[in-house]
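Biologist: I should like to go through the pockets of this model and the surroundings of its ligand. Please take the points one at a time.

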Amino acid sequence: MHQLLIFGPPGVGKGTQAQLISEKLNLFHLSTGEVLRASAEKGTELGLKAKELMDRGELVPDDIMIGIVGETLLNGSKTTSNGFILDGFPRTVDQAKALNDIFRELNYANFKVIYLDANEDELLRRLLKRGRSDDNEQSIRKRFKLYKELTSPVLEFYDNISDIIKIDGLGEINEISKNILLKLEV
Ligand code: AMP
């Protein structure tokens with residue numbers, strides 16, 4: 001059973017790669033950004049609050065995000081027997097600690113972290129081209145800043161407790177997913 005987290009800076013292609021890997025390995029793909037965008041689309045209270053934060057490039061509070069991921073994983077109905085890939089979570093060390101507790105409860109002891117990376121110029125170029133409502137320059141700068149301050153420490157947190165598979169996020173989409181699958185030894 002695959003227990004995967006895909007990690008990396010904004011615009012590196014986490015969503016695209018998580019989608020490809022989940023199709024290839026028949027995994028449940030949980031994208032916290034997609035969950036929030038779907039709630040915003042529906043116009044729920046959470047969705048509207050989240051959209052405001054997302055469009056400014058801010059993070060949605062930890063307790064809300066931990067609640068969403070905890071409920072989904074502990075409920076289990078969407079996780080296939082082949083496993084899951086988490087995309088966009090954890091984004092803070094507190095989220096990572098909470099995820100550890102969730103994994104412990106579920107007896108998930110051998111998760112792997114796929115770390116995709118690329119330089120900031122390339123990321124900025126990609127995000128400006130993508131054109132999501134949070135892809136304006138001000139929001140992108142804010143996301144880079146929060147990534148450095150709050151999200152990159154998550155990698156150090158995982159350094160001692162799990163396998164980190166580092167992958168170059170520059171290049172052709174299918175080449176990158178091939179590299180990931182190769183390193184996962186599937
Ligand atoms: P993404 O689709 O992963 O790029 O996420 C889009 C936006 O959703 C982020 O910029 C945050 O505002 C919010 N978001 C997604 N996942 C999280 C998370 N784990 N913690 C806090 N905010 C999140």
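Biologist: In which pocket does the ligand sit?

Modeller: The model is a predicted one. A molecule is assigned to a pocket if more than half of its atoms lie within 2 Å of the grid points of that pocket. By this criterion, the ligand sits in the largest pocket.

Biologist: Which residues are the closest to the centre of the largest pocket?

Modeller: The largest pocket holds about 930 Å³ of space. Its lining comprises 48 residues, and the closest to the centre are Gly 11, Lys 14, Arg 91, Arg 130 and Arg 132.

Biologist: How much of the ligand's accessible area does the protein cover?

Modeller: Nitrogen atoms of the ligand take part in polar contacts: one lies 2.8 Å from an N or O atom in the side chain of Thr 32, and one lies 2.9 Å from a polar backbone atom of Gly 88. For Arg 91, a polar side-chain atom is 2.9 Å from a ligand nitrogen. Of the 480 Å² of accessible area that the ligand has on its own, the protein covers 95%.

Biologist: Which element gives the most to the shell around the ligand?

Modeller: The shell has six nonpolar, four polar and five charged residues. The element that contributes most to this shell, with four residues, is helix 2.

Biologist: Which element gives the most to the lining of the second largest pocket?

Modeller: This pocket has a volume of about 150 Å³. Strand 2 and helix 4 each supply at least two residues of its lining. With four residues, the greatest contribution comes from helix 4.

Terms used: Residues numbered from 1 in each chain as written. Predicted model: local features only at pLDDT ≥ 70, side-chain atom pairs only at ≥ 80, totals over all residues. Heavy atoms only, no water. 1 Å grid on protein atoms, 1.4 Å probe; cavity = no way out; pocket = protein on both sides within 12 Å on 5 of 7 lines; lining within 4 Å. Points joined across faces, edges and corners; volume = space filled by probe spheres on them. Polar contact = N/O pair within 3.5 Å; in protein donor to acceptor, adjacent residues only side chain to side chain. Areas by Shrake-Rupley, 256 points an atom, 1.4 Å probe, with all protein chains shown as cover. Nonpolar A, V, L, I, M, F, W, Y, C, P; charged D, E, K, R; others polar.
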